[in-house]
Amino acid sequence: MSEPDASSPADPPLPLTSPRTPLQLSFPFLREGSRVWERERKPPQPGELPSPLPTKRTRTYSATVRARSGPVFKGVCKNFSRSQGHGFIRPSRGGEDIFVHISDIEGEYVPMEGDEVTYKVCPIPPKNQKIQAVDVVITHLNPGTKHETWSGQIISS
């Protein structure tokens, strides 16, 4: 009993055709929190771009490795808005305030104005001219201030 040869030209190959509907692209890497890409809003218009600020979740592996291998700096929390998801740190060595994203804060407490922090830095793409704080740890809570945990509990320090 012989089986038919798989290479026999019994069925001619089908011609390649382009799809009749436009190609639909899916972007699973879109940044969380970007107003352009929120589901309840209108779809993005041509020319609109997502937020360029990399969060801990969207930062590349190589950028994370470079930031973690860098030196640790000290500073004071200038302000932080939990509802907006970001704030700024005033470096103890002076200079321009440094942006911090909510995803880069380690620990139990939401930073408040006057809290002492340690952090590392990572450049902000696409031009890498500015930096943002990563691996932010509150080292000393500002005394006399009510602090909030991430779960919403209020603590007096």
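Visitor: What makes the pairing of the Q132 and D104 side chains a polar contact?
Guide: The term covers a pair of N or O atoms within 3.5 Å; within protein, one must be able to donate a hydrogen and the other to accept it, and residues adjacent in sequence count only if both atoms are side-chain atoms. The side chains of Q132 and D104 are joined at 3.1 Å. That falls within 3.5 Å, so the term applies.

Visitor: What kind of model is this?
Guide: It is a predicted model: local features need pLDDT of at least 70, side-chain atom pairs count only at pLDDT 80 or more, and totals for chains, interfaces and linings use all residues. Residues are numbered from 1 along each chain as its sequence is written, and side-chain values use heavy atoms, leaving out hydrogens and water.

Visitor: Why is Q132 called buried?
Guide: Buried means under 20% relative accessible area, exposed over 50%, partly exposed in between (1.4 Å probe, protein chains only). Q132 has 0%, so it is buried. Of the 157 residues in the protein, 24% count as buried.

Visitor: And D135, buried or exposed?
Guide: Buried, because its relative accessibility is 18%. D135 also has a positive phi, near 50°, and is not a glycine. Most residues other than glycine have a negative phi.

Visitor: In which element do Q132 and D135 lie?
Guide: Q132 lies in strand β6, and D135 is found there too. Strands (E, at least two residues) and helices (H or I, at least four) are DSSP runs, numbered from the N terminus. The protein has one helix and eight strands, in the order α-β-β-β-β-β-β-β-β.

Visitor: How do you know that β5 and β6 pair?
Guide: Pairing needs at least two bridges found by DSSP between the strands. Strand β5 (residues 116-124) and β6 share eight bridges, in the antiparallel sense. Eight meets the cut-off, so they pair. Among the positions, C122 stands opposite Q132. The two strands form a hairpin with five residues between them, and N128 in the turn has a positive phi of about 55°.

Visitor: How many bridges join β3 to β6, and β4 to β6?
Guide: Two bridges join β3 (residues 98-101) to β6 (residues 130-140), running parallel. V100 has A133 as its bridge partner. Two bridges also join β4 (residues 105-106) to β6, again parallel. There I105 stands opposite V136. Two bridges satisfy "at least two", so both count as pairs.

Visitor: What makes a space in the protein a cavity?
Guide: On a 1 Å grid over the protein atoms alone, a cavity is a set of points where a 1.4 Å probe fits but cannot get out; lining residues have an atom within 4 Å of a point. Grid points are joined across faces, edges and corners, and a volume is the space filled by probe spheres set on the points. One cavity of 30 Å³ or more is counted. The largest holds about 30 Å³. Its lining is C77, F80, I89, V100, P111, V117 and V136.

Notes
1 Å grid on protein atoms, 1.4 Å probe; cavity = no way out; pocket = protein on both sides within 12 Å on 5 of 7 lines; lining within 4 Å.
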